[in-house]
Amino acid sequence: MESYPSIFNDVIGPVMRGPSSSHCAASLRIGRLCRDLMDENITEVNIEFDPNGSLATTHKGQGSDMGLFGGFLGWEAYDERLPNYLRAIDEAGIKITIDIHPIGATHPNTYKLTLKNPKETHTLTALSTGGGMIQVIEVDGAPVLMAGDFFETLIYTKSPDKVADFLKGSIDCDEINIHRGDQPFVEVKSNKFISSDIIGEMHQLESTLVIKQLSPVLPVLARKNLQVPFITAEAMLEYNKDKNLSLWELAVHYESARGAISHDEVFEKMRAIVAIMQNAIEIGVKGTSYEDRILGPQSVNFKKQMEKKTLVEGDVLNTVTLYTSAMMEVKSSMGVIVAAPTAGSCGALPGAIIGTATVLELPQDEMVKAMLAAGIIGVFISAHATFAAEVGGCMAECGSGSGMAAAGLVVLKNGTLAQSLTAASITLQSSLGMICDMVADRVEAPCLNRNVMAASTAISCANMALADYDQVIPLDEVIETMKKVGDVIPNTLRCTGLGGLAITKTAKKIEAMLAEKEEAQSKTFFKVC
């Protein structure tokens, strides 16, 4: 079954708390699926990470533990209890062991989990693929492919072929698969769970052992025979030949087809997201506090200096810098933000769009249009490159956010479709090869600086495009190049904390200071091998 990115699944979202969507939101979604697999009864979990992956060195500081444990408890990615996850998991009586050893993982964000309660044991292996997106690749020893965008029913049975035949003649669903792992089961993918009557019939079969129902964790579901009008910029231009639509309108057409929702629903979904972003910026500008962080609320002083006229003049640039910083600081203080396209790059896109629109005194509708335009650029990146810094460095996160923002800024200024695509292209060209080397496992330094740089670059490139600068290399080819460049960035410079600024003398001092407090707290609640 072919899968296509959704603006609201893959690009702008999830709404969440925590430093990293690849770590916090994705792991929480994995944890939620684990909870369903165990009928909400988990008493013991063994978590295995490969030492050659990102999670071995970042699972604490970037919030993988927080998200995963929150998922085991059934929480949402924006739950206000997440900062207290260790105490909550202890009070729930769930024993956690983390084992770091070679597991043959081929993806840097691989979770291998063994789940137990007094009645049963199940295993699940999953990947965090960037921006909060996941793939479950194995359940109970059987290869599977679950993205959390279907209602999944797993029927464990001694006679999987007979059960599959029965279901094919009894229900309307999207897909039925037979898996023969440690415990054979039939997987049913659908846009709703199998009816209670059919479940009752299944339980009456002597061969049925147990039935599990896994709820979707993504806001926009998949479906069989899913089709979208285009998946590259070139195909989009071809689609638009007889329509003369703007970039934001083309984004609405795409997402309407992808999500099977009306054009108005697409617009209003994005309006709700913009409102969350605006609220986060407002909170950030007032100042934030949180103990486990490197940087304080620097945007507060930036605002004061703006008001005193002590900064280099530039109302748009300075407002964008303020808003970008404020959003990043809300993220670092465990406030509610929107991954756009990731939590680590959550400042650049809203900072650029909302900051510019505020200075220009544009209404919220114009921000929504710009954000939709940014979203469709993100769809192309998600489909053909990556948002995961563990795979493509900071180029994949701040670089992508910058390119998306540039296209949105052109829409804010009523530029043409060609100018929007040029803005995205030249901005992405400017970020090729950017590394991810966060200090002390906290997504703050140099992440805040790079978000501000990404927003600033978006403004410059949007203006260049509005002045009809030549992009030279078209957007699709730049995105293809992003993927190729990401593939050759060394592992040490892809969100592992093993290179770049992360291994400087000062960074190591900060890391040791934070680790001392963290280790004392962690040992109280679970064992790391």
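The protein, shown here as a predicted model, contains 19 helices and 13 strands. Its C-alpha atoms occupy a box of roughly 75 × 60 × 40 Å along the principal axes. A compact globule of 529 residues would have a radius of gyration near 24 Å, and the protein has 23 Å, so the two values agree.

The interior and the surface may be considered next. Of the 529 residues, 58% are buried. Among contacts with a separation of 6 or more, 75% join residues that lie 24 or more positions apart in the chain. The area that the protein exposes is about 21,000 Å², and carbon and sulfur atoms supply 50% of that area. As for charge, the protein carries 45 positive and 63 negative charges; the mean positions of these two sets are 5 Å apart.

One part of the structure can now be followed strand by strand. Strand β4 spans residues 110-116 and is mostly covered, with five of its seven residues buried. In a regular strand, side chains point alternately towards the two faces of the sheet.

Strand β4 pairs with strand β2, which comprises residues 44-49. This pairing is antiparallel and involves five bridges; within it, Glu-44 has Lys-116 of β4 as its bridge partner. Strand β4 also pairs in the antiparallel sense with strand β5, residues 121-130, over seven bridges. Here Lys-116 has Thr-121 of β5 as its bridge partner. Strands β4 and β5 together form a hairpin, and four residues lie between them. Lys-116 is thus a useful point to locate in the model: its bridge partners include Glu-44 and Thr-121.

Notes: Residues are numbered from 1 along each chain as its sequence is written. This is a predicted model: local features need pLDDT of at least 70, side-chain atom pairs count only at pLDDT 80 or more; totals for chains, interfaces and linings use all residues. Side-chain values use heavy atoms; hydrogens and water are left out. Helices (H or I, at least four residues) and strands (E, at least two) are DSSP runs, numbered from the N terminus. The radius of gyration is taken over C-alpha atoms; the globule rule is 2.2 Å times the number of residues to the power 0.38. Buried means under 20% relative accessible area, exposed over 50%, partly exposed in between (1.4 Å probe, protein chains only). Contact means heavy atoms within 4.5 Å. Accessible areas come from the Shrake-Rupley method with a 1.4 Å probe; for residues, only the protein chains shown count as cover. Lys and Arg count as positive and Asp and Glu as negative; His and the chain ends are not counted. The place of a charge is taken as NZ of Lys, CZ of Arg, CG of Asp or CD of Glu. Two strands pair if DSSP finds at least two bridges between them.
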